[in-house]
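Q: Please take a close look at one part of this model and walk me through it. I would like to know how it is placed, what surrounds it and how it fits into the whole.

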Amino acid sequence: MGLTRDFKETLRARVEREPEFVSALLNEAIDLFLNGEAETARIILRDVVNATIGFEELAQLTSKPSKSLHRMLSPKGNPSMDNLTVIIHELSKELNVDIKTQVVSCV
């Protein structure tokens, strides 16, 4: 349990110290979703929420219940594309993050 708390505190401190770090995390989560690694992407998004605005504020911004957001961003969560889009949009807006993804064509 202590290890988890240290990780959360470390992540929160780094996000506060390096604003570009949260931008990298959000962009990585999006890239992971696009590459079929949804579980890892949800975990990163959950960590970003916990290290920044928190689930209660995200609930207000998205008009979604906090418990629902927790479930959506759990390792086994299954957010709809609409919910995922709203979550990423509100996080990027609230945290002033520019979303930059690279889509690779498989032609």
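A: Let's start with the word we will lean on throughout: two residues are in contact when heavy atoms of theirs lie within 4.5 Å. With that in hand, here is helix α4, looked at from its surroundings inwards. Please keep in mind that the model is predicted.

First, the setting. The protein chain has 6 helices and 0 strands, so the order of elements from the N terminus reads α-α-α-α-α-α. Buried residues account for 38% of its 107 residues. Of the contacts between residues at least 6 apart in sequence, 59% link residues at least 24 apart.

Now to the helix itself. Helix α4 covers residues 54–62, and its buried residues are G54, F55, L58, A59 and T62. A helix rule is handy when reading such a list: an α-helix has 3.6 residues a turn, so residues three or four places apart point the same way. The cover over the buried residues of α4 includes α3, α5 (66–72) and α6 (81–94).

Take the α3 side of that cover. The axes of α3 and α4 approach within 7 Å and cross at roughly 100°. An angle from 65 to 115 degrees counts as roughly perpendicular, and α3 and α4 are therefore roughly perpendicular to each other. Here R46, V49 and N50 of α3 meet G54, F55 and L58 of α4. By type, the residues of this contact are 3 nonpolar, 2 polar and 1 charged.

The α6 side comes next. α4 and α6 have axes 10 Å apart and pack at an angle of about 110°. That angle makes α4 roughly perpendicular to α6. On the α4 side the contact is made by E57, L58, L61 and T62, and on the α6 side by V86, I87, E90, L91 and E94. These residues divide into 5 nonpolar, 1 polar and 3 charged.

L58 takes part in the α3 contact and also in the α6 contact, which earns it a closer look. This residue sits in helix α4. L58 has a relative accessible area of 0%, and therefore counts as buried, the cut-off being under 20%. Setting aside neighbours within four places in sequence, the residues in contact with L58 are V49, I53, L69, I87, E90 and L91. One of these partners, L69, is 11 residues away along the chain, and its C-alpha atom is 8.2 Å from that of L58. Seen from the other end, and leaving out residues up to four places away in sequence, L69 touches F55, L58, A59, T62, K64 and I87. Four of those names, F55, L58, A59 and T62, appear among the buried residues of α4.

These residues also lead us into the interior of the model. The largest nonpolar core holds 28 residues, and the members that touch the most others are L45, L58, L69, I87 and L91. Each of α1 (2–17), α2, α3, α4, α5 and α6 supplies at least two residues of this core. The biggest contribution, 8 residues, is from α2.

Since α2 gives so many, its packing on α3 is a useful companion to the α3 contact above. The axes of α2 (residues 19–34) and α3 (residues 38–51) come within 8 Å and cross at roughly 155°. That makes α2 roughly antiparallel to α3, and their crossing is left-handed. V22, L25, L26, E28, A29, L32 and F33 of α2 meet A38, T40, A41, R42, I44, L45 and V48 of α3. Sorted by type, the residues of that contact are 11 nonpolar, 1 polar and 2 charged.

Finally, back to the end of α4. The residue that follows this helix is S63, with a positive phi near 60°. S63 lies in the loop between α4 and α5, and it has this positive phi although it is not a glycine. S63 has a relative accessibility of 67%, so it counts as exposed. A second case of this kind is N96, a residue that is not a glycine and yet has a positive phi of about 55°. N96 is found in the segment after α6 and, at 72% relative accessibility, counts as exposed.

Conventions
Residues numbered from 1 in each chain as written. Predicted model: local features only at pLDDT ≥ 70, side-chain atom pairs only at ≥ 80, totals over all residues. Heavy atoms only, no water. Axes fitted to C-alpha atoms, helices over the stretch in contact; angles between N-to-C directions. Helix = DSSP H or I, 4+ residues; strand = E, 2+ residues; numbered from the N terminus. Parallel < 35°, antiparallel > 145°, perpendicular 65-115°, else oblique. Left-handed = near helix turned anticlockwise from the far one by under 90°. Nonpolar A, V, L, I, M, F, W, Y, C, P; charged D, E, K, R; others polar. Buried < 20%, exposed > 50% of the residue type's maximum accessible area, 1.4 Å probe, protein only. Core = buried A, V, L, I, M, F, W, Y, C linked by side-chain atoms within 4.5 Å.
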